[in-house]
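Good morning, colleagues. I would ask you to keep the sequence and the structure in view while I speak.

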Amino acid sequence: EGWFTYDPGFVSTAACESKITFIDGANGVLLHRGYPIEQLANNADYLEVCYLLLHGELPTAEENERFRRTVNNHTMIHDQMSHFFNGFRRDAHPMAIMVGVVGALSAFYHDTMDLTDVHEREVAAHRLIAKMPTIAAMCYKYSIGQPFMYPRNDLGYAENFLYMMFGVPCEEYKVNPVLAKAMDKIFILHADHEQNASTSTVRLAGSTGANPFAVIAAGIAALWGPAHGGANEAVLNMLNEIGDESNVEHCVERAKDKDDPFRLMGFGHRVYKNFDPRARVMRDTAHEVLQELGLENDPLLRIAQRLEQIALEDEYFIERKLYPNVDFYSGIILKAIGIPTSMFTVIFALSRTIGWFSHWNEMVSGNYRIGRPRQLYSGYTKRDYPSE
Ligand code: CMC
């Protein structure tokens with residue numbers, strides 16, 4: 001029956017070959033198609049990074065222009081989709097709505113989807129890149145009872161997202177360029193991260209030949225948890241719970257106590273055991289945004305800074321190589337922009353969709369087998385059904 005290794009949590013199993021993203025956790029290196037994340041975040045915009053992840057190369061000026069135009073053709077969603085939103089309770093978690101609505105896209109684009117056709121796969125990518133901000137903003141608008149805003153193709157990708165989030169039909173809304181740039185960086189820094197839990201879910205679900213929109217919905221579900229994409233939301237909830245700078249020390253003590261399940265949210269990473277290169281860019285961006293908005297003395301930010309300071313000097317965290325990760329800072333930025341915590345993971349899902357799609361696309365365009373992990377059985381040996 002063959003031989004297999006027991007590797008709970010897949011910490012030492014390479015489940016696929018990939019040319020998309022390289023991570024060196026010990027040295028804090030993250031490359032997309034060879035390009036360092038810091039350079040991409042500081043020089044490219046999110047749509048260029050989408051093109052790069054999907055096609056393997058940065059776009060030429062002409063390709064860039066064509067890509068933007070094509071994506072813009074797909075920014076609206078089918079009007080019938082609004083019924084899906086209306087079917088949810090107003091207080092539903094936006095991630096629950098997101099899983100449902102993105103999964104429902106498979107109903108709109110199923111018959112036209114031939115997985116072996118490069119062109120059809122590309123159209124599916126364009127549709128997803130274009131529609132995710134629209135869907136994400138609709139999740140928010142629905143939760144606060146405001147009318148859905150149609151996308152504006154004259155705006156940049158992040159700008160349009162902020163417009164659909166905060167604009168209202170009755171007055172003009174001008175997007176602050178500093179905030180739009182920060183939003184774009186958040187999108188870039190979350191665009192891909194090789195075989196994490198949600199991307200592995202996407203590959204596994206996709207390996208059955210399922211519809212890619214349904215496959216992306218599976219990725220969204222996997223991202224939701226607090227140990228993965230839910231961490232940025234958990235960071236803000238934690239900061240709110242701490243409530244005051246004077247409670248930070250006690251909270252750090254709790255995180256160290258093995259009898260207490262409490263962990264410092266936004267600290268630690270399965271792969272980065274030195275520092276998270278995304279966290280550095282995010283930290284700088286957080287300062288820019290807070291300065292722009294005059295929020296340098298925000299009490300929550302002060303708690304975050306104190307927490308970072310204490311944890312970075314504490315033996316426990318140093319020994320275990322626990323550093324603030326990307327989500328520690330992205331939560332602070334999103335809060336400053338005015339985005340409610342329940343939307344944080346939705347924004348992560350929006351950004352990561354291109355990563356998930358690129359991995360799915362890479363898999364289905366090569367030779368792949370259905371994913372089928374084995375197990376170490378530890379249940380009963382055979383026993384008989386009781387006769388009486
Ligand atoms: N606070 C306190 N202790 C921690 C923390 C933390 N945040 N993270 C890890 N530890 C301890 C853990 O208790 C263990 O200690 P010991 O060796 O004494 O038993 C040691 O550090 C190693 O932890 P682990 O759980 O074996 O590490 P892991 O690689 O399985 O987990 C992690 C990685 C990210 C799930 C974990 O660090 C964690 O739960 N962090 C908080 C949640 C978080 O911020 N997640 C976002 C990750 S980045 C974005 C993403 O990928 O979505």
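**The small sheet, the core and the ligand shell**

Let me begin with a single pairing: Leu-31 has Pro-36, in strand E3, as its bridge partner. Before I go further, please note that this is a predicted model. The protein has an average pLDDT of 94, and 99% of the residues reach at least 70. The ipTM is 0.91 and the pTM is 0.92.

To return to the sheet, strand E2 covers residues 29–32 and is joined to E3 by two bridges, the two strands running antiparallel. The sheet as a whole is open, with three strands in the order E1-E2-E3 and antiparallel pairing. At its edges are strand E1, residues 21–24, and strand E3, residues 35–36, each of which pairs on one side only. As a reminder, strands of a sheet pair through backbone hydrogen bonds.

I turn now to the interior. The largest nonpolar core comprises 108 residues, and those with the most contacts inside it are Met-98, Val-102, Met-183, Ile-216, Ile-220 and Ile-347. Helix H6, residues 118–144, supplies the largest share of this core, namely 13 residues. Where does this core lie with respect to domain 1 and domain 2? It lies between them, because residues come to it both from domain 1, which is 15–225 + 343–364, and from domain 2, which is 231–337.

Next, the ligand. There are 18 residues around it, and those that come nearest are Ala-231, Arg-263, Phe-267, Gly-268 and Arg-270. Sorted by class, this shell holds seven nonpolar, seven polar and four charged residues.

Finally, I would draw your attention to two backbone conformations. Glu-194 is not a glycine, yet its phi is positive, at about 40 degrees. This residue is found in the loop that links helix H8 (177–189) to helix H9 (197–206). Is Glu-194 buried, exposed or partly exposed? Glu-194 has 17 C-beta neighbours inside 10 Å, so it counts as partly exposed; a buried residue would need 20 or more, and an exposed one 12 or fewer.

Lys-321, also a residue other than glycine, has a positive phi near 55 degrees. Its place is the loop between helix H15 (315–319) and helix H16 (326–337). Because Lys-321 has 14 C-beta neighbours inside 10 Å, it too counts as partly exposed.

That concludes my presentation. Thank you for your attention.

Key: Residues are numbered from 1 along each chain as its sequence is written. This is a predicted model: local features need pLDDT of at least 70, side-chain atom pairs count only at pLDDT 80 or more; totals for chains, interfaces and linings use all residues. A residue is near a molecule or strand if its C-beta atom, placed from the backbone, lies within 6 Å of it. Ala, Val, Leu, Ile, Met, Phe, Trp, Tyr, Cys and Pro count as nonpolar, Asp, Glu, Lys and Arg as charged, and the others, Gly among them, as polar. Two strands pair if DSSP finds at least two bridges between them. Helices (H or I, at least four residues) and strands (E, at least two) are DSSP runs, numbered from the N terminus. pLDDT is the predictor's confidence in each residue, from 0 to 100. A nonpolar core is a set of buried Ala, Val, Leu, Ile, Met, Phe, Trp, Tyr and Cys residues joined through C-beta atoms within 7 Å. Domain bounds come from an automatic or database domain assignment.
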